[in-house]
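Student: Could you take me through the inside of this model, up close? I'd like to see who touches whom in the packing, with the numbers.

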Amino acid sequence: MPGGPNPSTAIDIADEIDRAPISGLQIAVIIIASLAVVFDGFDSQLFGLSIPAIAAEFGVQPAALAAQLGWVLSLTFVGTGIGAVSGGFVADKLGRKLALNISLLVIGVTTVAAALMPTIPLLGVMRVLTGFGIGMVLPVVASLVAEYTPSRRRSFTVALSVVCVPLGGLVGGIVAAGLLDAIGWRGMWLLGGGLAILITVLIHFVIPESPQFLSARNAPGDRERVIATLRRMGHNIPADAQFLNHHDHEKKRASVGALLKPEHRRDTVGIWIAFFGSLLGVYMIFGAAPTLLRQGFRFTSADASLSITWYNIGAIALTLIGSWAMGKWGSKPVLMILAAGSAVSAAWLWLMPPVVGGGATGTFVAQFVIHGAFFGGLQAVLYSLCAQLYPVSIKGIGVGMAGSVGRIGAIVASVVGLALVTSGGTFFLVIALAAVACFVAMLIVKTHTPPAGTETKY
């Protein structure tokens, strides 16, 4: 339509979705996207759970862990960092659905390949490529779910999908505790990679592309695809409908520079600091805690693996509560409470570290559940905020860059974590300091999501 749609007659897709109840198609999109994140979370934690078994197979001594296996963790996080920004860019350019399927295929194929590698260097190469796919998933899913969900439920549904990262970790911890000795680390990796490949088939046949993305791109045939998808969601859309999005009036080109424009700069800096600190703290646990507990505190293999399970149980519970609270009271108070709780619970582990040889005592389980609740919950709920900081045209790159900066924190965690395996409680002091940085970051962010009943900016 020359000159663009007439604002007086065009349909605003975001407002149309906000006014209607959630349809069966939207629920299916949320469930399948969340299932993709479960496998992402499972595969992302495979290496951390498998380090003791890999070290035993290849004859790596405890003193040489950082030198011989730490680089694999570090380069994996380099891959995830590149994947995060690449996933956001691909999602903004080619679509959320295509980007999600590419990411899962990369994860699946490279994880299966890694399980077949005969040496640590070859395993490391495959793991870096797996990291690239893992990094792509969350920015794409956060953007897709946010655009399919009405604003009144957006914080909860985005967090619900992201909480599937610790849910995948929970599954990984249970599988490792029950099957690691039986099928070995290679068997676990074949299982995780195969499931990631299978989910792409479901996505291809069930999930339509985001109507908001199609409307913003406005390529030939996109308008008809928008109409078809909205009708599947139960909306009465005429065949000659035109579309606009007043929430995306800026129409920026997807680029890192757009995130640092004056209107977004403070939010971008704050969310980058928060992602750096939160992923540093979370991946100190995921990447090194099982090894720390087994070798530094002489836990059994099962108890060390289950530490990730306790951590993720807490993360899942408080993510759901925190995302609900965020929708009711807004993001700032909720995220600041989660950051403060993360710092206090990490300080508790620093001041009262696990007893050497004591195994999974009641106090230890409580410490890991509570710490996982606050820090794991904080990291997941941050994605809900980030997915609502930017307009549609730069949403994918915005979430992707935050995830990429966060992966730098994960790289630091991979180096520092394994280096502190024999240090005892100092390991947890580093995590406490990362949580303090997250608290400060929430004071920097300006565009927090508002309480219920107030229109969101994007």
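Tutor: Let's agree on one term before we go in: a polar contact here is a pair of N or O atoms within 3.5 Å, and inside a protein one of the two must be able to donate a hydrogen and the other to accept it. Keep in mind too that this is a predicted model.

With that in hand, start at Gln367, which sits in helix H16 (residues 362-386). Its relative accessible area is 1%, so Gln367 is buried. What does its side chain find there? A polar atom of that side chain lies 2.9 Å from the backbone oxygen of Met352. If you skip neighbours within four places in sequence, the contacts of Gln367 are Trp348, Leu349 and, again, Met352.

Now for the nonpolar side of things. The largest nonpolar core counts 139 residues, and Trp189, Ile271 and Ile285 have the most contacts inside it. Helix H13 (residues 262-296) supplies the largest share, 15 residues. Take Ile271: beyond its neighbours within four places in sequence, it touches Leu382, Leu385, Cys386, Leu389, Tyr390, Ala402 and Val445. Trp189 has a charged partner as well, since the charged end of Arg127 sits over its ring, 5.2 Å from the centre.

Next, the rings. There are eleven aromatic pairs in the structure. In one of them, Tyr283 and Phe286 have ring centres 5.5 Å apart and planes at 90°, so you can call that pair edge-to-face. The two are three residues apart in helix H13, which means about one helical turn separates them. Tyr283 and Phe286 are both buried. Phe286 then pairs with Tyr311: here the centres are 5.6 Å apart and the planes meet at 75°, so this one is edge-to-face too. That second pair joins distant parts of the chain, with Phe286 in helix H13 and Tyr311 in helix H14, 25 residues apart. As for burial, Phe286 has 6% relative accessibility, and Tyr311 is at 0%. Step back and you'll find ring pairs tying Tyr283, Phe286, Phe299, Tyr311, Phe364, Phe368, Phe427 and Phe428 into a cluster.

For contrast, look at the loop between H13 and helix H14 (301-329), where Arg298 is placed. Arg298 is exposed, because its relative accessibility is 64% and the cut-off for exposed is over 50%. Its phi is near 60°, a positive value in a residue other than glycine.

Methods. Residues numbered from 1 in each chain as written. Predicted model: local features only at pLDDT ≥ 70, side-chain atom pairs only at ≥ 80, totals over all residues. Heavy atoms only, no water. Core = buried A, V, L, I, M, F, W, Y, C linked by side-chain atoms within 4.5 Å. Buried < 20%, exposed > 50% of the residue type's maximum accessible area, 1.4 Å probe, protein only. Helix = DSSP H or I, 4+ residues; strand = E, 2+ residues; numbered from the N terminus. Contact = heavy atoms within 4.5 Å. Phe/Tyr/Trp six-rings, centres within 6.5 Å; stacked < 30°, edge-to-face > 60°. Lys NZ or Arg CZ within 6 Å of the ring centre and 35° of its normal.
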